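Got your viewer open and a selection tool handy? Let's take a walk through this one, stop by stop.

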Amino acid sequence: MSIRNDTAAVKTLEFSSVLGRLAELVRSVPAHDAVSRLQPFDDRDSLEAELSRITEMRELLDFDDPFPFEGFDDLRPALKRAETGGVFLDGAVFMQLLYLLRMTRLVREYFSARQDKYPLLQACADPITPLQTLEKAIVRIVDDDGTVRDKASDTLYAIRRDMLRIESAISRRLQAILKRLLDSGAAPEETLSVRQGRPVIPVLESRRSKVRGVLVDQSASGTTLYIEPLEIVEMRNDLARLQQQEQREIERLLRQLTDELRDDLAQVSLNLETAVRFDIIIAKAGLAAELRGLPAHTAPSGRMIIKNGRHPLLIMRMGYEKVVPLDLRLGEGYRTLIITGPNAGGKTVALKTAGILSLMHAWGLHVPAGPGTELPLFTAVFADIGDRQSIEQDLSTFSSHISNIRMILASAGSGSLVLLDEIGSATDPDEGAALAEVMLKELTAAGALTMATTHIGALKVFAHETGGVENGSMVFDQETLSPTYRFQAGIPGSSYAFEIAERLGIEKRLIRSARDMLGEDRGHVSRLIRHLEDELARARELKLEADLKESELSGLVNLYRERAERLKTQSAAEKERLLQDAETLLAETNVMAERIVKEIRETQAGRETIRKAKEQLERQRQKLAALKTPGPEQEESPLQPGDWVTWPGQGGKGRVLTVADKSGRVQVQWGDVKIRIPASDVKKAKKPQKKSRTAYTGSVDLERRVRDEIDVRGMTGIEAAEAVEKYLGDARMTGYSTVRIIHGKGTGVLRREISRLLKGHPLVASQRLGNWNEGDTGVTIVELAS
């Protein structure tokens, strides 16, 4: 049995809400439709490839140049019509097609310029075939607004020229008639108008005889008539004949263009399919970013490991930080996990989290979980969660549960995930416990991975005594009697019914009576469970302290190794320098010795001369000995505010503004730039001789590199203005002479807001809208002032 998005488990786990959010993130109608048809992967290799494609897309969107992909129109109906001979598409459709062809061609060129950087995405783009001949044909015939260009053909150009001539003649003639009527007092106003699509002249009813023509309309009072002069009627008839000729020529040109499209129809359809595929991959990357998701490793069917897993719908509703993460293992030593604990403690959420993360993984989505998470590619997921009571089918809550579990027992096996909420409930506790034990044994023997929640105490003992079955519980704060929503494996949970009842105001005498009725054995078990929870909590605290000590020790060891390596490097360099000095001194000593011996021989010097010569030689020997035994190296003192430093790979010197923070970074003023860099990356330097007052023009590699463009789509006008204002300063400082501001086409509000900001801006030399190959009117090109 394979998972499908119409199964009961998929609906129970609300996975459709995840797919719904994915559908909101796509940018086209075809991709939206495709999301509703998505199905889980049925083999591990295809799934891992899809997860890697999403990873590549996230890296591309986060760190590379802007990806040339936007939303596109649904061309499927138009391409279907174009299959029929003799049919032609209108100009607006061809402009939509031109946009798709340009976009897909630019996508292919984008990956061609990045050979082997994104191999999986590049493979997705390989089916795209650039159709520049068709692009040029569309541009030659159709204008940007979807109308056919005047110069699409000589015939159309001549027709429209004659139409313009006649329209001008009609306008001039109407103006002349109106002026004559105004001079004679027959016209009540100086304005020509159009009534019922016909040009008319206003004439006073009492002066109707002044104009020969057709009465088209009159004012509400009847005092003004609107007449189309007879001499204009014939001119309009000529214009109508030309308009008919124009329409026939337009249809001929569009039919010709549709015939050209029909020749490339198969490839255009494939380009459209590829665009849809990229739209979905981009949406998956966007969803992963929203949920802070990572690709889970596809584990063998018998193992599930969730590390810091969060329920995606809770993240969407509450925010990432407010969702308590789940750490859970299943399939290593046991295949069935029984989770116990108080009501509203998070047992059901734990089941749903494991289930929905498994579905997300199967559908090729990154999951909101930490590194090291492993999820099998389940062949089936079953869930019996919530009250399935049905009045129409005459099913009680218990009957509904049993009916559902009967189907699960008949279908589940190796490769299945089974989630059972409150198993054995809604009936006699002893009988419910017996049924639950039998069912869980059956599922364990069938090889399914099973998670079940319960309040039945007997099932805790069952889990403890049965191979392949393990206890687990949701941690409960015994002091505040409030849930922590954290899962712990290996220890059953207490329901804390008495404690919660007492806190909510039930009289203590009633609580005592209830405890007495429960019996000593049951009370002893509850106390044992709470004792184990206390011991586990203390063990966690000790482990945390040990981990902190280990981390601290590891940090000290790494620091020692780093400093030792640095000293070793410095020592080697110092040794080399001393050796060179020693060799130089030795050569000088030999020259001096030869000179002294020569002087002694030539002068036959006495004892005093020989003594002085020996002293000179001794001084040289002492210098040589000092070089051989250099004193201890002095460790450089920590950087302090006011120190001057150099930064290897960058020009000039910077001044330290702060001491190192916890991460070892200091803030440095580098010309007009303030940056935070590791203290170990800079070296102390002497104060510059003369402080420069000019702006720094080096190439400081800021923590967030300034690109030659900024994307403000999706911002409000105020947000965009603030972002562009800051960006212009950063871009000028970085050394760019030309930058691009991407604001999109839309309603034009952002474009106008940015244009007002740039006009007269001291950092801007000029501005213009982009050409068709630069982003068209969705981009403003800015030349920065020098």
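Which residue in E23 does Gln767 stand opposite? Select Gln767 and look across: the residue there is Val782. Keep in mind along the way that this is a predicted model.

**Stop one: the sheet around that pair**

Now show the two strands in full. E22 covers 764–769 and E23 covers residues 779–784. They run antiparallel, and five bridges join them. Widen the selection and you'll get an open sheet of four strands, in the order E20-E21-E23-E22, with mixed pairing. At the edges sit strand E20 (709–711) and strand E22, each pairing on one side only. Look along the sheet for its twist: on average, neighbouring strands are turned by 20 degrees against each other, direction ignored.

**Stop two: the helices lying across it**

Add residues 717–734, and helix H21 appears, lying across E20, E21, E22 and E23. Its direction is at about 160 degrees to E20. Next, pick residues 749–758 for helix H22, which lies across E21, E22 and E23 and runs at about 160 degrees to E22.

**Stop three: aromatic pairs**

Time to move to the rings. The whole structure holds nine aromatic pairs. Start with Phe15 and Trp363: their ring centres are 4.8 Å apart and their planes meet at 55 degrees, so this pair counts as tilted. Colour by position along the chain and you'll see the pair link distant parts of it, 348 residues apart. Phe15 belongs to helix H2 (residues 15–25), while Trp363 is in the loop between helix H13 (347–362) and strand E9 (374–376). Both residues are buried.

Now select Phe67 and Phe278, another tilted pair, with 5.9 Å from centre to centre and 45 degrees between the planes. Here 211 residues separate the partners: Phe67 is in the loop between helix H4 (44–63) and helix H5 (76–82), and Phe278 is in helix H11 (residues 265–291). Buried or exposed: what is Phe67? Its relative accessible area is 11%, so Phe67 is buried, because the cut-off is under 20%. Phe278 is buried too, at 1% relative accessibility.

Keep those two rings on screen and add Phe69, Phe72, Tyr110, Phe111 and Tyr118. Ring pairs link these residues with Phe67 and Phe278 into a cluster.

**Last stop: arginines over rings**

Select Arg195 and Tyr226: the arginine lies over the face of the tyrosine, 3.9 Å from the ring centre. Then try Arg310, which lies over the face of Tyr320 at 4.1 Å from the ring centre.

Technical notes
Residues are numbered from 1 along each chain as its sequence is written. This is a predicted model: local features need pLDDT of at least 70, side-chain atom pairs count only at pLDDT 80 or more; totals for chains, interfaces and linings use all residues. Side-chain values use heavy atoms; hydrogens and water are left out. Rings of Phe, Tyr and Trp (its six-membered ring) pair if their centres lie within 6.5 Å; planes under 30 degrees apart count as stacked, over 60 as edge-to-face and the rest as tilted. Buried means under 20% relative accessible area, exposed over 50%, partly exposed in between (1.4 Å probe, protein chains only). A charge sits over a ring if NZ of Lys or CZ of Arg is within 6 Å of the ring centre and within 35 degrees of the ring normal. Two strands pair if DSSP finds at least two bridges between them. Axes are lines fitted to C-alpha atoms, for helices over the stretch in contact, and angles run from 0 to 180 degrees between N-to-C directions. Contact means heavy atoms within 4.5 Å.
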